[in-house]
Amino acid sequence: MAWIYLFIGALFEIGWAVGLKMSEGFTKPFITIFTLISIFISFFLFTKAIKMIDIGTGYAIFTGIGAAGTAVIGMAFLGDIASAGKVFFIAVLIFGIIGLKMSESSKVEVITEEGL
């Protein structure tokens, strides 16, 4: 469940990052409200996720998904320049995120004689 929280939280991070751009300095009230709600949901889900995932791995994946997703949306819909180098390094970032997820080991609780 923690990975689902992390992924959904990262999607809301993309939402608030794009919302910051679209709100034009918080001059558009509805987009500003969307952005603020997205920030709250994003960090709420992130805090739930890191109760069960290592903070370093969780934060790297959370921000990596947010950064890659925001960059892709910027290039696809907001007129950001799409260059071969930018696309290459976004792909590297995504492979890094996948590698971090795959290297995350599950925590094993050790029961000692005192714990029995």
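Which residue forms a salt bridge with Glu24? In this predicted model, the partner of Glu24 is Lys28, and the closest N and O atoms of the two are 3.3 Å apart. The legends below begin with an overview and then turn to individual sites.

**View 1. Overview of the predicted chain, which contains 4 helices and 0 strands.** Along the sequence, the elements follow the pattern α-α-α-α. The chain has 116 residues, of which 29% are buried. Among contacts between residues at least 6 apart in sequence, 69% join residues at least 24 apart. The accessible surface amounts to about 7700 Å², and carbon and sulfur atoms account for 74% of that area.

**View 2. The salt bridge between Lys28 and Glu24.** Side chains of opposite charge can pair when their charged atoms come close. A search of the whole structure returns 1 salt bridge, and the bridge shown here joins Lys28 to Glu24 with a closest N to O separation of 3.3 Å. Lys28 has a relative accessibility of 34% and therefore counts as partly exposed. Glu24 is likewise classed as partly exposed, because its relative accessibility is 48%. Glu24 follows helix 1 and has a positive phi, near 50°.

**View 3. Helix 1 and the elements that cover its buried residues.** Helix 1 spans residues 2-22. The helix has 21 residues, and the distance from its first C-alpha to its last is 30 Å, close to the 30 Å expected at 1.5 Å a residue. Its buried residues include the glycines Gly9, Gly15 and Gly19. Also among them are Ala2, Tyr5, Leu6, Ala10, Glu13, Ile14, Trp16 and Val18. The cover over these buried positions includes helix 2 and helix 3, the latter comprising residues 55-77.

**View 4. A nonpolar surface patch that includes Leu11.** The patch is formed by Met1, Ile4, Phe7, Ile8 and Leu11, which together have about 480 Å² of accessible area. Leu11 belongs to helix 1. At 41% relative accessibility, Leu11 lies between the 20% and 50% limits and so counts as partly exposed.

**View 5. Ser42 and Gly15, placed in helix 2 and helix 1.** Ser42 lies in helix 2, which covers residues 29-49. Its relative accessibility is 0%, so Ser42 counts as buried. Beyond its neighbours within four places in sequence, Ser42 is in contact with Gly9, Phe12, Glu13, Trp16 and Phe62. Of these partners, Gly9, Glu13 and Trp16 are among the buried residues of helix 1. Gly15 is found in helix 1. With a relative accessible area of 17%, Gly15 is below the 20% limit and is therefore buried. The C-alpha atoms of Gly15 and Ser42 are separated by 8.9 Å, although the two residues are 27 apart along the chain. Apart from neighbours within four places in sequence, Gly15 is in contact with Phe34 and Ser38.

**View 6. The stacked aromatic pair of Phe40 and Phe44.** A pair of aromatic rings is described by the distance of the centres and the angle of the planes. The whole structure contains 5 aromatic pairs. In the stacked pair of Phe40 and Phe44, the centres are 6.2 Å apart and the planes meet at 15°. Both residues belong to helix 2, and because they are 4 residues apart, about one helical turn separates them. Phe40 counts as exposed, because its relative accessibility is 59%. Phe44 is partly exposed, with a relative accessible area of 43%.

**View 7. The tilted aromatic pair of Phe46 and Tyr59.** The ring centres of Phe46 and Tyr59 are 5.9 Å apart and their planes stand at 55°, so the pair is tilted. This pair links distant parts of the chain, as Phe46 is in helix 2 and Tyr59 in helix 3, 13 residues apart. Phe46 is buried, because its relative accessible area is 7%. Tyr59, at 45% relative accessibility, counts as partly exposed. Ring pairs join Phe46 and Tyr59 with Phe43 and Phe62 in a cluster. Phe62 is also one of the contacts of Ser42.

Key
Residues are numbered from 1 along each chain as its sequence is written. This is a predicted model: local features need pLDDT of at least 70, side-chain atom pairs count only at pLDDT 80 or more; totals for chains, interfaces and linings use all residues. Side-chain values use heavy atoms; hydrogens and water are left out. Helices (H or I, at least four residues) and strands (E, at least two) are DSSP runs, numbered from the N terminus. Buried means under 20% relative accessible area, exposed over 50%, partly exposed in between (1.4 Å probe, protein chains only). Contact means heavy atoms within 4.5 Å. Patches are made of residues with over 30% relative accessible area and no salt bridge: like charges are joined within 9 Å, nonpolar side chains (Val, Leu, Ile, Met, Phe, Trp, Tyr) within 5 Å. Accessible areas come from the Shrake-Rupley method with a 1.4 Å probe; for residues, only the protein chains shown count as cover. A salt bridge is a side-chain nitrogen of Lys or Arg within 4 Å of a carboxyl oxygen of Asp or Glu. The expected span of a helix is 1.5 Å times one less than its number of residues. Rings of Phe, Tyr and Trp (its six-membered ring) pair if their centres lie within 6.5 Å; planes under 30 degrees apart count as stacked, over 60 as edge-to-face and the rest as tilted.
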